[in-house]
Amino acid sequence: DALPIYTGTLVTSNTLTQYVFANTAASTSNTTGTIVIKGGVGVAGNVNIGGNLNVAGAMDFTGGATFEGNLTLIGASTAATEYFKVQNSTGVDKFVVDSFSGNTSIAGTLGVTGATTLSSTLGVTGNTTVGGTLGVTGATTLSSTLGVTGTSTFTGAITANGGITAS
């Protein structure tokens, strides 16, 4: 089979050499478009793309990456199959979001400087320190001993089932 030959314009000046192709065939896959290259491509300089970039395989970035605008990650529709991960240089997960459930694991400290709203149960394993006032608007159940260091002020009635011991 004879290959189709596309004619283009070679533009040359003292500072610029370009091949400009008149064919404007859109690319919808890695086998369509004005230029189709069957092998790899190495580029030593910048690459500027005026349309969308669609990648069918994995992407590896050796340097930094900057995204301007929204970044949408779409995972599978089944549980625990695809994740958004941040890993350290040895491949250890430090931040993981399950694309199906939204469950998030953080291996380190979570620092929050603004207000935080939790719409469900907060489960804490280990000791908890509150550096300010703990305000509770609903009923509170303590399943173990309440240790209080310092003066306690109660506004309203106190009901004790089993008595109060003061020492």
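**Exercise 1. Determine in which strand Asp98 is found, and characterise its charge environment.**

Solution. Step 1: Asp98 belongs to strand β4, where strands (E, at least two residues) are DSSP runs numbered from the N terminus. The model is predicted: local features need pLDDT of at least 70, side-chain atom pairs count only at pLDDT 80 or more, and totals for chains, interfaces and linings use all residues. Residues are numbered from 1 along each chain as its sequence is written, and side-chain values use heavy atoms, with hydrogens and water left out.

Step 2: Asp98 is buried, that is, under 20% relative accessible area, with exposed being over 50% and partly exposed in between (1.4 Å probe, protein chains only).

Step 3: Asp98 has no salt bridge (a side-chain nitrogen of Lys or Arg within 4 Å of a carboxyl oxygen of Asp or Glu). The nearest side chain of opposite charge is that of Lys85, 10 Å away; Lys and Arg count as positive, Asp and Glu as negative, and His and the chain ends are not counted.

Step 4: The backbone nitrogen of Ser101 is reached by the Asp98 side chain at 3.3 Å.

**Exercise 2. Establish the order and the sense of pairing of the three strands in the open sheet.**

Solution. Step 1: β3 and β4 run antiparallel and are joined by five bridges; two strands pair if DSSP finds at least two bridges between them. Within this pairing, Tyr83 stands opposite Asp98 of β4.

Step 2: The hairpin of β3 and β4 has five residues between the strands, and Gly91 takes a positive phi near 85° there.

Step 3: Three bridges pair β4 with β5, again in the antiparallel sense. Val96 has Ser105 in β5 as its bridge partner.

Step 4: The resulting open sheet has the order β3-β4-β5 with antiparallel pairing. Its edge strands are β3 and β5 (104-106), each pairing on one side only.

**Exercise 3. Classify the one aromatic pair of the structure and locate its rings.**

Solution. Step 1: A pair of aromatic rings is described by the distance of the centres and the angle of the planes. Rings of Phe, Tyr and Trp (its six-membered ring) pair if their centres lie within 6.5 Å; planes under 30 degrees apart are stacked, over 60 edge-to-face and the rest tilted.

Step 2: The structure holds one such pair. Phe84 and Phe95 lie 6.2 Å centre to centre with 80° between the planes, hence the pair is edge-to-face.

Step 3: Phe84 lies in β3 (residues 83-87) and Phe95 in β4 (residues 93-98), 11 residues apart.

Step 4: Phe84 is partly exposed at a relative accessible area of 37%, and Phe95 is partly exposed at 28%.

Conventions. Helices (H or I, at least four residues) and strands (E, at least two) are DSSP runs, numbered from the N terminus. A polar contact is a pair of N or O atoms within 3.5 Å; within protein, one must be able to donate a hydrogen and the other to accept it, and residues adjacent in sequence count only if both atoms are side-chain atoms.
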